[in-house]
Amino acid sequence: MFKRTLASLMIMIAVLGFASFADASNVTTGNAITARTDYEIIKPERQVYSSSERVVLINGKAPSGTEITVELYGTTDLTRRSFNLDRLPSSEDYILIASESITSGNLGFFQKQMDLVRGINKLVIDFGVDGVEDKQFIVYKYDVRSTTDVRLPYTRDRSINNMIPLIR
C-alpha cells in the first residue's frame with residue numbers, strides 16, 4: 001500500500017513538474033519598442049505576388065469599431081518602361097484608382113474585396129492609429145489566354161471522304 005501511494009505521488013509530481021506557469025507578454029515598458037499584435041492583415045499573405053484573378057480579398061483583424069482605409073493604386077506604362085515585379089514603378093507612377101473604408105466588426109475582423117487593374121497594383125491599408133504603420137502589398141495582375149489556336153495536321157477531302165495530309 002505504501003509503495004502504491006509513493007508511486008502515485010511520484011507520478012503526480014512528475015506530471016505537474018512539466019507544466020509551465022510562465023506568462024509572456026509582447027508589450028514591454030521602458031525604452032523598448034512596443035509591438036501591437038491586435039492590428040494585423042491575414043490575407044494577402046505575401047507582400048509581393050502575381051495573380052490572374054480579377055479581385056483580391058483583403059481581411060484581417062483590428063479592435064472592434066476601428067475604421068480601416070484601403071487604397072488601391074494602379075500604374076499606367078505610358079513611358080514604355082515595361083514594369084514587372086523585378087522593376088517596380090516609382091511612387092509618382094501610381095494613380096489612385098479606389099479608396100474605401102471598412103469598419104471592423106463585433107468580433108474584431110474585417111474584410112474587403114477590391115477589383116484589380118491589369119498590370120502592377122499597390123494596396124495600402126491604413127488602420128488610422130498612431131504607432132501602427134501602413135501595410136503595403138504589390139499585386140501583378142496578368143491575363144490568361146483562354147483560347148488556343150489549334151491546327152489539325154489533316155484536312156478532309158469531301159469527294160473522296162478520307163483524310164489527306166497537308167502538303168507544304
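1. In this predicted model, one open sheet has 3 strands in the order E1-E3-E6, and its pairing is antiparallel. Strand E1 (40-43) and strand E6 (109-115) are the edge strands, each pairing on one side only. From one strand to the next, the twist averages 30 degrees.

2. Within that sheet, strand E3 covers residues 55-61 and pairs with E6 in the antiparallel sense over 7 bridges. For anyone checking the register, Lys61 stands opposite Phe109 in E6.

3. A further open sheet has 5 strands in the order E2-E8-E7-E4-E5, and here the pairing is mixed. Its edges are formed by strand E2 (48-51) and strand E5 (94-103), each of which pairs on one side only. The twist in this sheet averages 20 degrees from one strand to the next.

4. Strands E7 (residues 119-126) and E8 (residues 135-141) of the mixed sheet run antiparallel and are joined by 7 bridges. The register can be read from Ile120, which stands opposite Tyr140 in E8.

5. The element count for the protein is 1 helix and 10 strands. Read from the N terminus on, the order is α-β-β-β-β-β-β-β-β-β-β, and the helix, H1, spans residues 2-17.

6. A nonpolar surface patch deserves a look in the viewer. Phe2, Leu6, Leu9, Met10 and Ile13 make this patch, which has an area of about 560 Å². One of these residues, Leu9, lies in helix H1. Is Leu9 buried or exposed, or in between? Leu9 has a relative accessible area of 45%, so it counts as partly exposed; the class lies between the limits of under 20% for buried and over 50% for exposed. Because patch membership requires over 30% relative accessible area, the 45% of Leu9 meets that part of the criterion.

7. Some totals for the protein follow. Of its 168 residues, 23% are buried. The accessible surface comes to about 13,200 Å², and carbon and sulfur atoms account for 52% of that surface.

8. On contact range, consider the contacts in the protein with a separation of 6 or more: 63% of them are between residues 24 or more positions apart.

Technical notes
Residues numbered from 1 in each chain as written. Predicted model: local features only at pLDDT ≥ 70, side-chain atom pairs only at ≥ 80, totals over all residues. Heavy atoms only, no water. Patch = residues over 30% accessible without salt bridge, like charges linked within 9 Å, V, L, I, M, F, W, Y side chains within 5 Å. Areas by Shrake-Rupley, 256 points an atom, 1.4 Å probe, with all protein chains shown as cover. Salt bridge = Lys/Arg side-chain N within 4 Å of Asp/Glu carboxyl O. Helix = DSSP H or I, 4+ residues; strand = E, 2+ residues; numbered from the N terminus. Buried < 20%, exposed > 50% of the residue type's maximum accessible area, 1.4 Å probe, protein only. Pairing = 2+ DSSP bridges. Axes fitted to C-alpha atoms, helices over the stretch in contact; angles between N-to-C directions. Contact = heavy atoms within 4.5 Å.
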